[in-house]
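User: I have a chain open on my screen and would like to talk it through. Could you start with the part that is packed against several neighbours?

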Amino acid sequence: MAAVFLSRVSRRLRSSSPLLSPSIFDPYFTNSQLKPLIPFHQPHLKTLDTKFETCKYHQLGGFDDQLLNFLRSSSNIQLARNSTSSVGEGRKSGENQNEKKSGVQLSWIDLYLPEPVRPYAHLARLDKPIGTWLLAWPCMWSITLAASPGNLPDLKLLALFGCGSLLLRGAGCTVNDLLDRDIDTKVERTRLRPVASGRLTPFQGIGFLGFQLLLGLGILVQLNNYSIVLGASSLLLVFTYPLMKRLTFWPQAYLGLTFNWGALLGWTAVKGSLDPAIVLPLYMSGVCWTLVYDTIYAHQDKEDDLKVGVKSTALRFGALTKKWVTGFGIASISSLGLSGYNADLGWPFYASLMAASGQLAWQIWTVDLSSRADCNRKFVSNKWFGATVFSGILFGRLAT
């Protein structure tokens, strides 16, 4: 419809007056180019304020109001030039249009969930499951390691820990957004988050946090007493992690301690106690793995972090980032190998460990730390690292 309307208006304008050139629809057409074409008669002047500039148009026949209204509805004059590729855009809701103008990718949350629910779903990052995977994999590793030789892991525990990872990750994101709402408004990637943008008030965020923690408690109480105490103690890490970026250049290490708590909890849920020879190397391998993927992730925000004054390993390592994360990657693989050896896993575990090493090496060697898009791609690919390690532990346990 936009293309048809524009075509009719352009033909009428050309026939009505030679003064107005079609070149006004060029996004680079400026006021200085337009002024010589239009006699400056103040009573017949219309002023159009757009997002990028103010253009003055001469009143032509009776069609100027339609033209001005059409152009006002666009946030960019270039929409008129490219209207054939954007037919139907005007039918979207105002909210969706604003999100597209701001560079936000629409997700299934925006398309399918009721409008009142959407900010809460975004607050829990339900449309970005990579965080849930990264939280869940150490739990799955641990539960599978604790299975009896030749047997599958406890499927009920795997399901409980999967749901718990979803809830705890959402709770962690909520705490992070509440504490960082002033910082998030200054960072390009985070400025449209629900609390930072004002779609949710801090009070609403706190209420949603309580709801998630209550559901998480319902899962935790289904475990043994040892696991309940150990699981509850992780909340201290969850609530204090967002503060670390203000205090130290190593918030990624603190995140590793938080995100890999499931390596301890999964074992105790099966055994009712800890085996340090198996569980501690597994936990440390997860911490080192987190230092790899979250340092890569932090390179997306390093310019904004410098402006805002927050810290990260991306800033700490700088040009030496690849050397540092290579060291952490080697430590992660070595610790995994030690944990599997102490647990008497079969040969499939070591074959998968070699594949996981290749995946981690590919990330580190090929990542473009100056590209936000590539850093995000490498970060997201860690779900496959976790899956590869899990399959190795599973088949290694079945082979014993």
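Analyst: Keeping in mind that this is a predicted model, I would start with helix 13, whose buried residues pack against helix 9 (155–179), helix 12 (202–220), helix 14 (251–259), helix 15 (262–271) and helix 16 (276–298).

User: Which residues of helix 13 are buried?

Analyst: The buried set in helix 13 includes Ser227, Leu230, Gly231, Ser234, Leu237 and Val238, and further along Thr240, Tyr241, Pro242, Met244 and Lys245.

User: And how many residues does helix 13 have, and what does it span?

Analyst: Helix 13 runs over residues 225–247, which is 23 residues, and its first and last C-alpha atoms are 34 Å apart, close to the 33 Å expected at 1.5 Å a residue.

User: Where is the kink in helix 13?

Analyst: The kink is at Tyr241, shortly before the proline Pro242, and amounts to about 45°; both Tyr241 and Pro242 are among the buried residues of the helix.

User: Switching to helix 12, are helix 12 and helix 13 roughly parallel or antiparallel?

Analyst: Their axes cross at roughly 155° and come within 11 Å; because angles over 145 degrees count as roughly antiparallel, helix 12 and helix 13 are roughly antiparallel to each other, and the crossing is right-handed.

User: Which residues meet there?

Analyst: From helix 12 come Leu209, Leu213 and Leu220, and they meet Ser227, Ile228, Gly231, Ala232, Leu235 and Phe239 of helix 13.

User: Last one: how many helices and strands are in the protein chain?

Analyst: The protein chain has 22 helices and two strands, and 48% of its 400 residues count as buried.

How values were computed
Residues are numbered from 1 along each chain as its sequence is written. This is a predicted model: local features need pLDDT of at least 70, side-chain atom pairs count only at pLDDT 80 or more; totals for chains, interfaces and linings use all residues. Side-chain values use heavy atoms; hydrogens and water are left out. Helices (H or I, at least four residues) and strands (E, at least two) are DSSP runs, numbered from the N terminus. The expected span of a helix is 1.5 Å times one less than its number of residues. The bend at a residue is the angle between axes fitted to the seven residues ending there and the seven starting there. Buried means under 20% relative accessible area, exposed over 50%, partly exposed in between (1.4 Å probe, protein chains only). Contact means heavy atoms within 4.5 Å. Axes are lines fitted to C-alpha atoms, for helices over the stretch in contact, and angles run from 0 to 180 degrees between N-to-C directions. Angles under 35 degrees count as roughly parallel, over 145 as roughly antiparallel, 65 to 115 as roughly perpendicular and the rest as oblique. A crossing is left-handed if the near helix is turned anticlockwise from the far one by less than a right angle, and right-handed if clockwise.
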